[in-house]
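User: Could you take a close look at one part of this model for me, the salt bridges? I would like to see how they fit into the rest of the chain.

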Amino acid sequence: MKRMCVWCCSVVMLVLLGAPLQGQTPSAVPPASSTASASSPEVPQAVTDKLNALEAKVTAAQSSADNAWMLVSAALVLLMTGPGLALFYGGLVRQKNVLAIMMQSFALMALITVLWALVGYSLCFGGSGPVIGDFKMALLRGVGALPNADYAPTIPQGTFMVYQLMFAIITPALITGATAERMKFSGTMLFMTLWFLIVYAPMAHMVWGKGGMLNAALGGRFPTLDFAGGTVVHITSGVSALVCALYMGKRVGYPKQAMPPHSMVLSFIGACLLWVGWFGFNAGSALASNSLATSAFVATHFGAAAAALSWSLAEWIKNGKASALGAISGAVAGLVAITPAAGFVGPMPALAIGFVAGIFCYLMVTKFKAIFGYDDSLDAFGVHGAGGTIGALMTGIFAQSVINPIFGEGKPVGGLDGHWGQVGNQIVGILCAWGFALVGTIVILKIVDATVGIRVAEEHEVEGLDITQHGEEAYNLES
């Protein structure tokens, strides 16, 4: 009787798992024998094989979905540089400089890609040093279809590599907003090459690389929460932008001569493309098509919306009207501030971070800049440096384990969880980003200025960089 019960249970399991009964003979599974007994080894082996096959199919499906999402996210992040940032910055400069600023973004898409393939990816994600990677993966050795379990275990390392490349492209491009309308094209290319190697690569490894001293996911000494680049991308580029603006000096005629944007339409389109592309930037940083990606997607959208409103409100209170430039600038400020927090906070904290960032960045652009009198042409520091700093700090306050248990199940993450020490870790990360950007940028500017030169001649600046640097004009206005 006991043998009969065991045999019946086995048959039921086979039916539920799709194993063939008598009369069914699919080629993948041999037919079950009518004389099989409970002691026959074929029955449990068939169950095991079926379970293994099912598990393999589930794993393959997950990998396929994650890989598809990450490739789309990589494309969205590239969209942020060209056309997003190119149009956003292009509309904000004067007509005689629109091609020059757009060309800088486009050229960086090519330049950083080549550097990334040669040594950049390895310096950022190779090895396990506390500050910088090694050359083990230089020339993309070993980077292919197999996943890198340290970073993204469900997608090919090639996908992870190209996704991170898009971050490396847009980061130095943000700096061009501060040097717009007066920096040589040759100086830009040399500066960005050195900046990528000296500033970006170490910061990326420290925050996201295995063994990095600021890596929160892999046990860094000062675990800094930076889901998608508040310190690595925005603080470093924003602070470097400020240093560049101070080093190069003001544009000819600034601030006495009016220098309004030549096309708010272009900037408006660019800002909208940035907003859309930012979903790949933040939600893609989940590195999988999962609920964390959804949470980051929602937080990103809410943060941008709140900041657009708060900047417009501040502008309305001061000037009696809300401008289109203020609204799109506020949205970008909110996107910047929510970037480090996107994968750690819920919708309501995201609204709070965005609202604070919109007002804070507005004051930095209108008050702080006026007090110190520097010429940050397109407010790269006021939006990215300031927004990244306030966002990284607020991440330590609002991060919760219920959103992302990055330190382990049940362990507190940020201030709302009672772990106020995380604010201290965030400050360490912020100071590291500021320090690397300040010192590194000063050294690089000195090198570039001593070799190819950093600023165009005054007569070239007056004529416009489109003609003097590229021999072209943006618009043919012949009647």
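Analyst: Happy to; here is a walk through the salt bridges, followed by the setting around them.

This is a predicted model, in which local features need pLDDT of at least 70, side-chain atom pairs count only at pLDDT 80 or more, and totals for chains, interfaces and linings use all residues. Residues are numbered from 1 along each chain as its sequence is written, and side-chain values use heavy atoms, with hydrogens and water left out.

Side chains of opposite charge can pair when their charged atoms come close. The structure holds 6 salt bridges, each being a side-chain nitrogen of Lys or Arg within 4 Å of a carboxyl oxygen of Asp or Glu.

Let us start with Glu181, which pairs with Arg94 at 3.1 Å between the closest N and O atoms. Glu181 sits in the loop between α4 (157-179) and α5 (185-208), while Arg94 sits in the loop between α2 (42-92) and α3 (98-125), so this pair ties together parts 87 residues apart in sequence. Helices here are DSSP runs (H or I, at least four residues), as strands are (E, at least two), numbered from the N terminus.

Glu181 also meets Arg251 in a salt bridge, at 2.6 Å from N to O. Arg251 belongs to the loop between α6 (230-248) and α7 (264-282) and Glu181 to the loop between α4 and α5, so the pair ties together parts that are 70 residues apart in sequence. Both Arg251 and Glu181 are buried, and Arg94 is buried as well; buried means under 20% relative accessible area, exposed over 50%, and partly exposed in between, with a 1.4 Å probe and protein chains only. Arg94, Glu181, Arg251 and Asp375 are linked in a network of salt bridges.

Elsewhere, Glu461 forms a salt bridge with Arg455, with 2.9 Å between the closest N and O atoms. Glu461 counts as buried because its relative accessibility is 2%, whereas Arg455, at 24%, counts as partly exposed.

Now for the chain that carries these pairs. The protein chain has 14 helices and 0 strands, and its C-alpha trace spans about 100 × 50 × 45 Å along the principal axes. Of its 479 residues, 52% count as buried. Among contacts (heavy atoms within 4.5 Å) with a separation of 6 or more, residues 24 or more positions apart account for 75%.
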